[in-house]
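Morning, everyone. Please pull up the sequence and the model, and we will walk through it together.

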Amino acid sequence: MSKVFGTYICSGCGIGDAVDMEELVSAASGLGVVAKTHEALCSAAGRGLIQADVDGGVNTVVVCACSPRVMQQEFNFGEDKITVRGNIREGAVWGAEQPSEARDAATVKEFTTEQAADNVRMACAEAKKTELPVPFQLETLNEAILVMGGGIAGLTAANEAAKAGYKVTIIEKADQVGGKALGWAKQFPTKAPYAELEEPTIGALIAEVEGNANITIKTGAEVARIGGSPGDFSVTLKPAGAKSEWDAPAKVGVDEQDRIEKGTMEDPNVGIKKYTAQNPDAEKFGSVILATGWVPADVSGYEHLGHGTNDKVVTNAQFEKMAKEGKLAGLNSVAFIMSPGGEEHDMDFPYANSVTSMVALKQAKYVRENNANAKAYILYQHMRTPGHLELFYKGVQQDDGIFLTKASVTAVEGGTVKAKDTLLGEDLELDVDLVVLAAGMEPTTKYENSINLAYRQGPGFLDLGLFDGYADSHFICFPYETRRTGVYTCGGVRKAMNMEETIDDATGAALKAIQAMVSADRGVAVHPRSGDATYPEFFMQRCTQCKRCTEECPFGALDDDAKGTPLPNPTRCRRCGTCMGACPERIIGFKNYNIDLVASMIKAIDVPEEDDDKLRILVFACENDAYPTLDMAAMRKLSVNNLIRVIPVRCLGSVNMAWVRDALSAGLDGALLLGCKYGDDYQCHFVKGSEIADKRMENIGDTLSSLGLEPERCGVRQVAISDYNKVPEIIEEFVAEILELGPNPFKGF
Amino acid sequence: MRVNPDLDFIKYMKGAGGDTLKNCYQCATCSVVCPLSTDEKPFPRKEMIWAQWGLKDKLVSDVDVLLCHQCGDCTAYCPRGAKPGDVLGAIRAYMYTHYGFPSGLAKMVSNPKMLPMTIGLPAVIVLVMWFISGGMHLPSSEDLAVQGYSQFFGHWDWHWLTKNVAFIDAIMLPAVGLALYSVFRGVTTMWKDLEKENDVSAKFRPSVKQFVVDFIVPSVKEIIDHKRFRECTVNADRVRGHKPLVLAFIGLLIVTIYSAISQDVVGLFVEGMHGPMSLLNPVKILANVSAIALIVGIGILWGNRAATEEQNGVKGSYYDWFLIYEIMAVGVTGLAAELCRLMGIPSLAYFMYYLHLVSILMLFLYMPYTKFAHLVYRTMAYTFERYRQSSFVK
């Protein structure tokens, strides 16, 4: 496409008063672009001005006005036009400092004008390098959904996806579908007044699923491996428990491969096909829902409670079985113990939450319904009954024979339960016929890979240890997501949840699975860059097989061949650009975001020479939190130091260290990476990006030292989206450090 | 503490006005608003869970339950509608039955299903005595005006004891005697339980005089003053009813004592002490004022309780209403008997007098088992509280 540029600078929203507009126009012309000004570009008249030019042949529009985060529809001139936004309102004018004794009004205007002019230059440079995206298309798209696990979660997800018109296959290890719910004697109440237990509904759900022609059920089977990518998963099935040459291979990293070759380590994948091998008999699916659920936790480790040694002590799962089989006869008193900590702590059993509280209430009802003279004791540290289930708690409390108290259970000896710190004000001893422990619900992913992917980064989800083994992304605000695109989790594998929660969860996961397939079909990204039609493109001729991109991709999108050359799977990709940031050869880029484009933006910045007051500090701000935070600070008219020049990036992980070197060699005096919190409580939208950026910046510090530059000229700072009141200070401190160091000695070279 | 909840006790509590006790989830809002609550004894939160768990032994020896004067703050602030105030009332009802002697009588009085028996027993006793006395007649209007009710049970010429007084004594003295014995027994048992439960053991005991002067008298003063009642916020209105009622009872007690002395002692020697007093007699004025105060006071309490119950949409407990009806009956029948006498309608007058006798007998006889027992038990709880803080114990 040959570009015809149209550049427009807005003087509305106070811009015209705060800066010298002529300077901005001449900044654009310095890059060979003629700019028009208007007092309100977003108004009908302003847009009419642009539209007239577009109609006259302009296909690359540069709008220098407000932040790209606002007015997106107003400045949308069609998908076949390139639109680039220069942020001079929030990015310069609104965040300008107030005139003071140190700097009078004229100086502030001068500084603000320079900042705005640089933003205009960067926008023009960006427009010059931006190409229209061409969405990636799979050769064939498969629109069937694989549901792993035939419990309530799996059945519901299958049912919902089938109702939406998609073909679904359910894989269930057991001989019949239904899962744990088949063993429930009664269910929690689901309708007002939430007082009575309900008969199990799992039978009706099974019948509905079995009767749906869109759903195929395979029992006694499990997944050996899943290869491919969203829209084109290759799934090899096998009989449950069997071994197969198509089992998902364990991850063999670079170091392990070395040791295997030297003979110091056994190859874990003997007899198993390589992960890149294609099984011609595999079934094709578009997306996968993992609903393999949970297993009852083993609580025999709490010796003072005696599970496993004292035959009067059972778990809640065992008690449910007794109730289901009608073996409650002769029980006159039962104690339910919710927390094992004794005197040490008040935590519930691990992997317990509101569900175990509810189960204790339900099972206390069993005791009473079975025998009108029976007594049920519930010894809790936390009674969790969220939402309308509080009404169930109230209802159970009404029962004359159900006795509740907060308590630290110190011992179970025979049929005697001993407890301290009770609400009764005294230590307690209860003689009971049976003791029931509220054991938790452990996700299957705690013990096994479950998902069995044939991916370079290994068969399981990564870093589940952060979530106690739950297959939960803990992406902020985004349930269902995993770090494997096209694979969504729901039900007990994600969190201990009751049936109603599970049904909601499974419905959501079904919709996400459909969304993933539709996005693959359209060639656009899924969350968090939903709808992005760009994807990373590799200039493979220059690849040195260093494997950094394949190692660092947070989503395992890149496989590799025997030599280590990356094999991209664009539908697995979330478009964060971490591969681009990783690549030392700089061969990875997107149509509208690549090494050359950002380098050009850096070069476009005007660096004044021999003026110690006008240092230039480059800020790479993550688009997800840091950039909005800067915008918000400006919207609140908080002064943000105007020596900074901000380039928004998709994720700090996409920042290639070449840019930092470019900036410093261009004479800029410092570079700051502003991104999300990393570590165990990370807030990075791409999980690992900001963490990786931090490591890279440590390494570049060494490089700078060897060049005689202070490593302190580069920094990484973490901000959250709510930190708008702190971000001016963070930047001020960094700028002060650079001012302390003085101008970049390379200035002018 | 080895615990085995008593399901029957919980059922009893629910029937005796504590039907909301199972709502409590131990948030302790009640203890925050209750002036009786201390850090060590979160009252009435702890009593609520004891009641839920059916721990009646702990409750009957809990002095705080008696110190509570049902101000209603806990009930008003309870976020879960557990109405601790009402539950405490039910616990007190249970206490009076628990300490009541003989227990058969106590159980009968506390059981709403036995109400016909509860009323029938005194009604029959008075009626039978009337039959036995042979005084079964209606006087003429003139006789009524002169004699009043002094010949209700007939007349004999034995100077030293009139027939009427003899029969009234025969009815009332055993009843009062039984009540006093029952209350004494109940209070001493309770006192022992309180000492045990509160770890109170005196190194040396106060003399009877010391006990009365140092502990009982200040307690009674505090009660008459309604000091604690006035600390109430929600139910502050009750002072307006309860105080006239207490004063009315004191007034009527004075009148009764005066009447007993004037008729049964002085009357033996001085003629003309029998028969109705002049309406201008200061004692008669006191009697009439007290009677009206009694009716007004109980009327206010009646109205308050009815309004609260309607506002909260709850049904009142037998325990509370029994005493209200009973005191109202005493007041109304007494006043009606007096009016009928003054109007000279013998048949109606005698019938009213009969009802008055029955209601008074009920008041005396059932005092230890009904809410009326708080008169004694609560006074003793105040006394115990003073005692346990005194130098005798510490």
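What percentage of the 749 residues of chain A count as buried? The figure is 52%. Keep in mind that this is a predicted model.

Start with the overall frame. Along the principal axes, the C-alpha atoms of chain A fill a box of roughly 95 × 65 × 60 Å. Chain A contains 19 helices and 30 strands. Now look at its contacts between residues at least 6 apart in sequence. Of these, 72% join residues at least 24 apart.

Next, the domains. Chain A is divided into domain 1 (1-132), domain 2 (144-295 + 444-522), domain 3 (298-439), domain 4 (537-588) and domain 5 (607-749). Note that domain 2 is written as two segments.

Take domain 1 and domain 5 of chain A. Their centres, taken over C-alpha atoms, are separated by 23 Å. How many residues of each are in contact? From domain 1 of chain A there are 15, and they meet 13 residues of domain 5 of chain A. On the domain 1 side, α4 (89-93) and α5 (105-129) of chain A each supply at least two residues. The most comes from α5(A), with five residues. By type, that side of domain 1 of chain A divides into five nonpolar, six polar and four charged residues.

Now the cores. In soluble globular proteins, nonpolar side chains tend to be buried together. Here the largest nonpolar core has 209 residues. Those with the most contacts inside this core are A:A157, A:I289, A:F336, A:I378 and A:L379. Which helix gives the most to this core? That is helix α17 (residues 346-366) of chain B, with 13 residues.

There is also a second core, separate from that one, with 114 residues. Its members include A:A604, A:V660, A:V735 and A:I738.

Zoom in on A:I289. Leave out residues up to four places away in sequence. A:I289 then touches A:I145, A:V147, A:M148 and A:A157. It also touches A:Y488, A:C490, A:A509, A:A510 and A:A513.

Another residue to click on is A:L361, which sits in helix α10 (residues 354-370) of chain A. Buried or exposed? A:L361 counts as buried, because it has 26 C-beta neighbours inside 10 Å, and the cut-off for buried is 20 or more. Set aside its neighbours within four places in sequence, and A:L361 is in contact with A:F392, A:Y393 and A:V396. For a sense of distance, try A:T315. It is 46 residues from A:L361 in sequence, and 14 Å away in space, C-alpha to C-alpha.

Last stop, a sheet. Strands of a sheet pair through backbone hydrogen bonds, either parallel or antiparallel. This one is an open sheet of four strands in chain A, and its pairing is parallel. The order is β28-β27-β29-β30. Which are the edge strands? They are β28 (644-649) and β30 (714-718) of chain A, since each pairs on one side only. On average, neighbouring strands here are turned by 20 degrees against each other, direction ignored.

Helix α16 (residues 626-635) of chain A packs on this sheet. It touches β27 (617-622), β28 and β29 of chain A. The direction of α16 makes about 110 degrees with that of β27(A).

Finally, one strand pair. Strand β29 (residues 670-675) of chain A pairs with β30(A) in the parallel sense, over five bridges. Find A:L673, and you will see that its bridge partner in β30(A) is A:V716.

Terms used. Residues numbered from 1 in each chain as written. Chains lettered and ligands numbered in written order. Predicted model: local features only at pLDDT ≥ 70, side-chain atom pairs only at ≥ 80, totals over all residues. Pairing = 2+ DSSP bridges. Axes fitted to C-alpha atoms, helices over the stretch in contact; angles between N-to-C directions. Contact = placed C-beta atoms within 7 Å. Buried ≥ 20, exposed ≤ 12 C-beta atoms within 10 Å, placed from the backbone. Core = buried A, V, L, I, M, F, W, Y, C linked by C-beta atoms within 7 Å. Domains from an automatic or database assignment. Nonpolar A, V, L, I, M, F, W, Y, C, P; charged D, E, K, R; others polar.
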